[in-house]
Amino acid sequence: MTTSSPLTALDRDHLRRCVDLAREALDAGDEPFGSILVDDTGVEVFADRNRVSGGDHTQHPEFAIARWAVTHLTPAQRAQATVYTSGEHCPMCSAAHAWVGLDRIVYASSSEQLSQWHREWGIPAGPVASLPVNAVAPAVPVSGPDDELSEQVRALHARLLGV
Ligand SMILES: [Zn+2]
């Protein structure tokens, strides 16, 4: 089901950073998701990772990025900013991304892949539907997944679940 995507070498560098953040989250007891915001010159301006271990399951890095962007970047800057992420945005984060007017999303692994892994491992579906970004935010350009990096993300989720 994984498709080849037109990711550039720079895209993949940014995605590797996201997978590192996802690993950092897992090592800290959170879920393995990491994301960065990159401006129109290709420079990382903000980064975060999942922080749900305290019990607030809205503490997703993509949501944090949307809120950071709306207070630190102009609408014009947001319209040229890209979010790189280890895992495709959930519906909450896709909506936040679109509401604040950010541009492209590049993900290492897709929501469809995560759902497939959970099915393989017998993990029940969560309370929020798994939808592709464009089902929630149809105008956002998306790229991904990446074959090699999505395997690394899969391994992190396997470690999280002890499978
Ligand atoms: Zn999310």
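R16 and D13 sit three residues apart in helix α1, about one turn of the helix. In this predicted model, their side chains pair up in a salt bridge, with N to O at 2.9 Å. Neither partner is tucked away: R16 is partly exposed at 35% relative accessible area, and D13 is partly exposed too, at 43%.

That's a local pairing, but helix α1 also takes part in a long-range one. R12 and E148 form a salt bridge with an N to O distance of 3.3 Å. Because R12 belongs to helix α1 (residues 9-27) and E148 to helix α7 (residues 147-161), this contact ties together parts that are 136 residues apart in sequence. E148 comes out as partly exposed, with a relative accessible area of 45%. There's a third player here as well: D146 joins R12 and E148 in a network of salt bridges.

Helix α7 shows up again through R154. Its partner is E120, and the closest N and O atoms of the two are 2.7 Å apart. This pair also links distant parts of the chain, with E120 in helix α5 (residues 111-121), R154 in helix α7, and the two positions 34 residues apart. Both ends are partly exposed: E120 has 46% relative accessibility, while R154 has 25%.

Here are the three pairs side by side.

| Salt bridge | N to O distance |
|---|---|
| R16 and D13 | 2.9 Å |
| E148 and R12 | 3.3 Å |
| E120 and R154 | 2.7 Å |

So how many salt bridges does the count come to? The count is eleven, and the pairs in the table are among them.

Terms used:
Residues numbered from 1 in each chain as written. Predicted model: local features only at pLDDT ≥ 70, side-chain atom pairs only at ≥ 80, totals over all residues. Heavy atoms only, no water. Salt bridge = Lys/Arg side-chain N within 4 Å of Asp/Glu carboxyl O. Helix = DSSP H or I, 4+ residues; strand = E, 2+ residues; numbered from the N terminus. Buried < 20%, exposed > 50% of the residue type's maximum accessible area, 1.4 Å probe, protein only.
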